[in-house]
Amino acid sequence: MSDWNILIADGLAEKGKKILQGAAGVGQVDDLEGISPQELKERISQYHAVIVRGRTKMTAEVIALAANLKAIGRAGVGVDNIDLAAAQANQVTVVNAPVATTNAVAEHTLALMLSLVRFVPKADAAMKSGQWIKKQLVGTELDGKVLGILGMGRIGSAVGVRAAAFGMQVLGYDPFLPADEIQARGAAPVDLMSLYRQADIITLHLPLSPETKNMLDGQALGAMKRGVRLVCAARGGIIDETALLSSLESGQVAGAALDVFSTEPPGLTALVAHPHVVATPHIGAQTEEAQVRAAQDVAGEVLCALRNEPLRWKIV
């Protein structure tokens, strides 16, 4: 096979593009960052591979129109924007780059946590408006607090290691890992309700799936220790945002730091505007280093998929 055409739908670091452009058998590499859903439908039949990030939706309709499509590459971890069933039914291989962004997301999780407990955004905004509100900003230390991690995969485990360095007691819950593996990854294994009851801060590192959608609903939030703080740099939709807003208003949840939302961008919602919420625009993976790693990894995987070579990170 030769003359594969590859579409980059959401941008890709230059090193990744060069890997694709210099590869034997590749005919055309089109970087159409920001391509609209309609244009994607109109052009998709031209391509043998598509590389996306989180913005572009590879729906069943798009995949059905992709007569020549052999591979979809996700330059990152989550694949909830790709219809995996449709890809599998149409014999389209889906690959991702699951290790590239681990450090970036883990570090951003700690940044969110520290911003939340030390009121960093509020302090900065006050200073920039000429206010000195020192007495209003009595924070909380991480040292000695209990951190509950939901999802002890690569990122959750990396967060646990970093949190332990701050002197936190780390609890881990993961329905897909045995207790000894959770312990080996640096956390004390507990069941979900025990984690809810004990944790001062809970951080989420789960994929968005039918099982995890709205997992943190009103009932779950009510089962947590009063005054708990939540951190989420995983996927929007895992937390029921209406329930979270109610819990913030009641004081059941003392604060939340969110990098992801059910709808992105969310706009200036009541949740985003809440004084006890730290909000960032899905930037967990947005470091120069992570983007280069993701671009290189996904480019290599897509080429392997086109060549029918062994894959490291095949989803379907």
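In this predicted model, a good place to begin is strand E10, which spans residues 228-232 and is mostly covered, with five of its five residues buried. The cover reaches both faces of the strand: Val228, Leu230 and Cys232 are buried on one side, while Arg229 and Val231 are buried on the other. On the way into E10, the chain leaves strand E9, passes through helix H10 (residues 218-223) and arrives at E10, in a β-α-β crossover that is right-handed.

The neighbours of E10 can be taken in turn. Strand E9, made of residues 201-204, pairs with E10 in the parallel sense, and four bridges hold this pairing. Within it, Thr203 has Val231 of E10 as its bridge partner; Val231 was met above as one of the buried residues of the strand. Strand E11 (residues 253-258) also runs parallel to E10, and five bridges join the two. Here Arg229 stands opposite Gly255 of E11. Between these two strands comes helix H11 (residues 241-250), and E10, H11 and E11 together form a right-handed β-α-β unit.

Strand E11 also leads to another feature of the model, the second largest pocket, since E11 is among the elements that give two or more residues to its lining. The volume of this pocket is about 250 Å³. It is lined by 13 residues, of which Leu116, Phe119, Pro275, His276 and Val277 are the closest to its centre. Besides E11, the elements that supply two or more lining residues are helix H5 (102-118), helix H6 (120-128) and strand E12 (277-279). Helix H6 gives the most, with three residues.

Two helices deserve a closer look. Helix H9 covers residues 192-198 and contains Ser194. Is Ser194 buried or exposed? Its relative accessibility is 12%, and because buried means under 20%, Ser194 counts as buried. The side chain of Ser194 also makes a polar contact of 3.3 Å with the side chain of Arg197.

Helix H13 offers a simple check of geometry. It has 20 residues, 288-307, and at 1.5 Å a residue these should span 28 Å. The C-alpha atoms at its ends are 29 Å apart, which agrees with that expectation. Just after H13 comes Asn308, where the backbone takes a positive phi of about 60 degrees.

Methods:
Residues are numbered from 1 along each chain as its sequence is written. This is a predicted model: local features need pLDDT of at least 70, side-chain atom pairs count only at pLDDT 80 or more; totals for chains, interfaces and linings use all residues. Side-chain values use heavy atoms; hydrogens and water are left out. The expected span of a helix is 1.5 Å times one less than its number of residues. Buried means under 20% relative accessible area, exposed over 50%, partly exposed in between (1.4 Å probe, protein chains only). A polar contact is a pair of N or O atoms within 3.5 Å; within protein, one must be able to donate a hydrogen and the other to accept it, and residues adjacent in sequence count only if both atoms are side-chain atoms. Two strands pair if DSSP finds at least two bridges between them. A crossover is right-handed if, with the strands pointing away from the viewer, the path from the first strand over the helix to the second runs clockwise. On a 1 Å grid over the protein atoms alone, a cavity is a set of points where a 1.4 Å probe fits but cannot get out, and a pocket is an open set with protein on both sides within 12 Å along at least five of seven lines; lining residues have an atom within 4 Å of a point. Grid points are joined across faces, edges and corners, and a volume is the space filled by probe spheres set on the points.
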